[in-house]
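Welcome aboard! Please open the structure in your viewer and keep the selection panel handy for a short walk.

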Amino acid sequence: MKPMNIFDLHCDTLMPVYIDGYNLKSWNGHINLDKLRKGGSMVQCFAIYIPTNRSAEYHNVHEGPYEYWKGCVDAFDKEMAANADVIRQVRCVADIEKNVKEGKMSALLTIENGVALDGKIERVQEFYDRGARMIGLTWNYENCVATPASKDATTGLKPFGREAVREMQRLKMAVDVSHLNEKGFYELLEMGIVPLASHSCCRKLCDHVRNLTDDQLKELFRAGGYVGVNFYPLFLRKEGKADLQDVCDHVIHMLEMGGEGKIGFGSDFDGITTKITGLEHAGQHQNLVNELLKYYSEDDVRGFAYQNFLNHLPK
């Protein structure tokens with residue numbers, strides 16, 4: 001069997017590209033062009049993670065969130081122009097299909113942390129116009145949109161957050177609830193928003209506040225939402241060491257919660273500090289494919305690998 005295509009919903013590779021001046025060829029982290037190619041990448045979502053507070057201090061970021069976002073988008077555009085022979089930015093399913101026919105990989109721009117909106121609703125349209133098709137409402141600090149799971153479970157969406165997700169809904173941008181707290185999660189569903197969790201795991205299997213409870217998974221899947229399984233060992237097993245079987249266990253549990261056709265991969269590569277044995281970078285994605293094939297049919301695994309989320313995208 002030839003390698004399966006891979007659609008990965010989340011990585012933080014743009015941070016070293018923008019902050020440290022690496023490029024998608026020279027960077028020797030979890031993701032670079034060579035590793036993407038070897039791993040079978042069809043679509044890689046490149047998140048613009050926007051650091052604030054202690055995270056900004058740690059990464060030596062002195063720009064404001066909006067200025068950081070603009071600089072990071074410019075760096076992304078530069079990489080796309082420099083590597084157009086192998087990877088191209090996509091904004092819709094038709095772009096992905098075109099790249100597949102031409103033998104090119106695809107890069108989909110996303111945003112992690114709605115802080116750069118700064119209460120300005122027109123920025124949702126601006127982010128969309130620059131190619132972003134998904135916004136993670138929070139990271140680990142409260143912002144103008146919502147409150148993260150790391151702070152509390154009971155503070156709801158901010159008034160501006162409600163306005164922002166309505167505008168995202170109008171533009172058919174994905175509303176990403178990874179990092180969002182439970183109150184905000186349920187309020188989105190009450191609003192009729194169908195969110196996704198780009199890089200999350202099951203709290204039942206690993207009791208971490210970043211993971212989704214069984215009830216959240218059931219309600220998300222019932223609404224038609226989607227989850228990309230995170231590859232961070234601390235979210236897969238409480239001991240903090242994980243292997244391919246642990247990823248399979250989270251996929252199995254999500255299926256038990258009603259996730260048929262709604263589960264895929266959200267690696268969090270270049271944003272995690274420890275790695276899964278046998279899945280240490282993007283070039284090893286086929287190891288996970290082969291592990292899943294021990295449990296599921298080729299069609300099912302093809303769904304996890306790329307088809308489920310391709311079906312989920314607005315046409």
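What percentage of the 315 residues of the protein count as buried? The figure is 58%, where buried means under 20% relative accessible area, exposed over 50% and partly exposed in between, with a 1.4 Å probe and protein chains only. Before going further, note that this is a predicted model, in which local features need pLDDT of at least 70, side-chain atom pairs count only at pLDDT 80 or more, and totals for chains, interfaces and linings use all residues. Residues are numbered from 1 along each chain as its sequence is written, and side-chain values use heavy atoms, with hydrogens and water left out.

**The whole protein**

Start with a cartoon view: you should find 13 helices and nine strands. Here helices (H or I, at least four residues) and strands (E, at least two) are DSSP runs, numbered from the N terminus. The C-alpha atoms fill a box of roughly 50 × 45 × 40 Å along the principal axes. Contacts, meaning heavy atoms within 4.5 Å, often link remote parts of the sequence: among those between residues at least 6 apart, 71% join residues at least 24 apart.

**Stop one: helix α12**

Now select residues 285–292, which form helix α12. Six of its eight residues are buried, so the helix is largely enclosed by the rest of the structure. Colour the buried ones: His 285, Gln 286, Leu 288, Val 289, Glu 291 and Leu 292. Then show what they pack against, namely β1 (6–8), α2 (33–39), α11 (244–256), β9 (263–265) and α13 (298–312).

**Stop two: Cys 201**

Next, centre on Cys 201, in the loop between β7 (196–200) and α9 (214–223). Is Cys 201 buried or exposed? Cys 201 is buried, with a relative accessible area of 0%. Leaving aside neighbours within four places in sequence, Cys 201 is in contact with Asn 211, Leu 212, Val 229, Asn 230, Phe 235, Leu 236, His 250 and Met 254. Try a distance label to Val 251 as well: the two residues are 50 apart in sequence, and their C-alpha atoms are 8.7 Å apart in space.

**Last stop: α6 and α7**

Finally, select helix α6 (residues 122–129) together with helix α7 (residues 159–171). They pack at an angle of about 35°, with axes 9 Å apart; axes are lines fitted to C-alpha atoms over the stretch in contact, and angles run from 0 to 180 degrees between N-to-C directions. Show side chains for the contact: Val 124, Gln 125 and Tyr 128 come from α6, while Ala 164, Glu 167, Met 168, Arg 170 and Leu 171 come from α7.
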